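Q: I would like to learn how to read a model like this one. Can we go through it feature by feature?

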Amino acid sequence: MKKNNFYITTPIYYPSGNPHMGHAYSSIFADVFARYMRNDNHKVYFLTGTDEHGLKIQKAAEKDGLEPLKYCDKLSKVFMDLTNQLNLSNDDFIRTTEKRHYKSVNDLWNRLEKSGDIYLSKYKGWYSVSDEAYYNEDEIIEKNGKKFSTFSGSPVEWVEEESFFFKLSNWTDKLLEFYYKNKNFILPVSRRNEVINFVKTGLKDLSISRTSFTWGIKVPNNAKHVIYVWLDALTNYLSALNFPDEKNNLYKDFWPASLHIIGKDILRFHAIYWPAFLLAAGIQPPKRVFGHGWILSGDEKMSKSKGNILNPIEIISTYGVDQLRYYLMKEVSHGSDGSISLKNLENCINSDLANNYGNLCQRIFSFVSNNCNGTIIKTLKESKSDLNLIKETQKLTKNLRTEMDTQNLNNYIKSVINISFLTNKYINDEEPWKLKKENIEKMNNILHLSLEQIAKISILLNPIIPLSTSKVLDALNIDKKSRNLSFLDGENILSKNVKINNLKILFKKII
Ligand code: MSP
């Protein structure tokens, strides 16, 4: 059966400071799905990049004493480096200052103009530079004589200027109909409800150009205006597929996008503005927007302006990249907010990686290397306890695809790590080391099943901890093409005759 193509994106990052854990979290989350879908034999395109226009970037560049483009060249590079440091498997890295993007944004604007969804007027209202967002009067509070958004807590300023508007108000009912027809367009469900309740109150037309600064893409045929940075930025998802050339293979293969991974703070842009722009322009909207929660430090969102940042690069150099990836994906609940701390990170590395999965691999690999010359041949039928382990494993793997279909990665990891736990217990109960003299065939069978379990667990954990699991799969001599999820349909991974190589320690215990 032909598998669906899968186009997944991270938000493109504002290069207005150094990357922090929130950025790392969004990126790794998306990367796990890209890798998982590849392992499940889907054709995958995974995009990330940088969002380089708008007042926020212009101001950051001024502060740094650089021309905006020079500033973006410097900072975009830092985010590009981050993709390597986090071991992302992205197929492309888009910058919104690239020609291909300008072309795509211009075309989208022209389509919206042609469809009659754009008009010229004057914007009077609140604007937050750090969110690059407009807020209604009822979304503002005053503290110590200053005004802030109640939604994000960011400072807002009063803006009055000529602006083009998008007739978003016309899209209220059509969007609601779209959400009802496409039940899983916004996930998790709590975010879907949030959006629907907001849209139900009625949408106002949206200002989509600015005239009080210059750093952006000019409105076609009206250079006084620069296009609102969110209309510009969202279009990156199309630009990377060579839109407006709808006949090229990338666009044909991958649009509409399968999954936009974003943080909940930018849900409105992706779940309301984006489908409205696309529907108005006659382009199919994406299939899903998943809005994850925030990473908190204490009770607060981790962010540069709050100064409470845990630096992902420092953590990677101290603990390792798989360790950080595993911790963020396992311990931070993907739907809601989650606090992180070094203590929890260390506990998680010790309990799940070092003592559980790492220990399982190490004990079996070193036993097979030291006692069986690295070779195991299975000759017997499965014993009762073998069958029991196989059955329990099947129970735990049964729902894995469904969990991943709705981005329930927390449950997925819990199930997989539980398989590792059960396998360790099986080995403790069966005590293969006691059988070397009296029943070598039985010993080999136990070791063979243990290696089969290790292979399965490694393939399942591969999207999350790609470096360590690849070492294990290499040592099991499983070729790259066979590292897929077809065993979920009941197949075995290993042949009866297994030859392994030595395996070095995967995870050091943190003391
Ligand atoms: N440039 C926009 C995205 C445009 S997409 C067309 C933007 N950039 S950002 O750099 O500010 O944020 C990028 C992503 O990181 C967003 O999904 C945001 O939610 C996420 N995070 C930033 N801080 C975060 C946390 N503390 N926790 C989790 N994710 C958060 O928004």
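Q: Which residues come nearest to the ligand?
A: First, the ground rules. This is a predicted model, where local features need pLDDT of at least 70, side-chain atom pairs count only at pLDDT 80 or more, and totals for chains, interfaces and linings use all residues. Residues are numbered from 1 along each chain as its sequence is written, and side-chain values use heavy atoms, with hydrogens and water left out. A residue is near a molecule if one of its heavy atoms lies within 4 Å of it. Here 25 residues surround the ligand, and Ile-12, Asp-51, Gly-263, Asp-265 and Ile-295 come nearest.

Q: Which atom of the ligand lies 2.5 Å from a polar side-chain atom of Asp-265?
A: Look for polar contacts: pairs of N or O atoms within 3.5 Å; within protein, one must be able to donate a hydrogen and the other to accept it, and residues adjacent in sequence count only if both atoms are side-chain atoms. For Asp-265, the partner is an oxygen atom of the ligand. A polar backbone atom of Gly-263 is 2.8 Å from a ligand oxygen. At Ile-295, a backbone N or O atom lies 2.8 Å from a ligand nitrogen.

Q: How much of the ligand's accessible area does the protein cover?
A: Areas come from the Shrake-Rupley method with a 1.4 Å probe; for residues, only the protein chains shown count as cover. On its own the ligand has 660 Å² of accessible area, and the protein covers 96% of that.

Q: Which elements give two or more residues to the shell?
A: Helices (H or I, at least four residues) and strands (E, at least two) are DSSP runs, numbered from the N terminus. The contributors are helices H1 (21–39), H7 (229–234) and H8 (236–239), with strand S14 (259–263).

Q: Is Gln-362 buried or exposed?
A: Buried means under 20% relative accessible area, exposed over 50%, and partly exposed in between (1.4 Å probe, protein chains only). Gln-362 is buried, at 16%. Its place is in helix H13 (residues 342–372). A polar atom of the Gln-362 side chain lies 3.4 Å from the backbone nitrogen of Leu-506.

Q: What is the strand order in the open sheet of four strands?
A: Two strands pair if DSSP finds at least two bridges between them. The order is S5-S4-S8-S10, with antiparallel pairing. S5 (133–135) and S10 (206–207) are the edge strands, each pairing on one side only. Strand S4 (residues 118–128) pairs with S5 over three bridges. Ser-128 stands opposite Ala-133 in S5.
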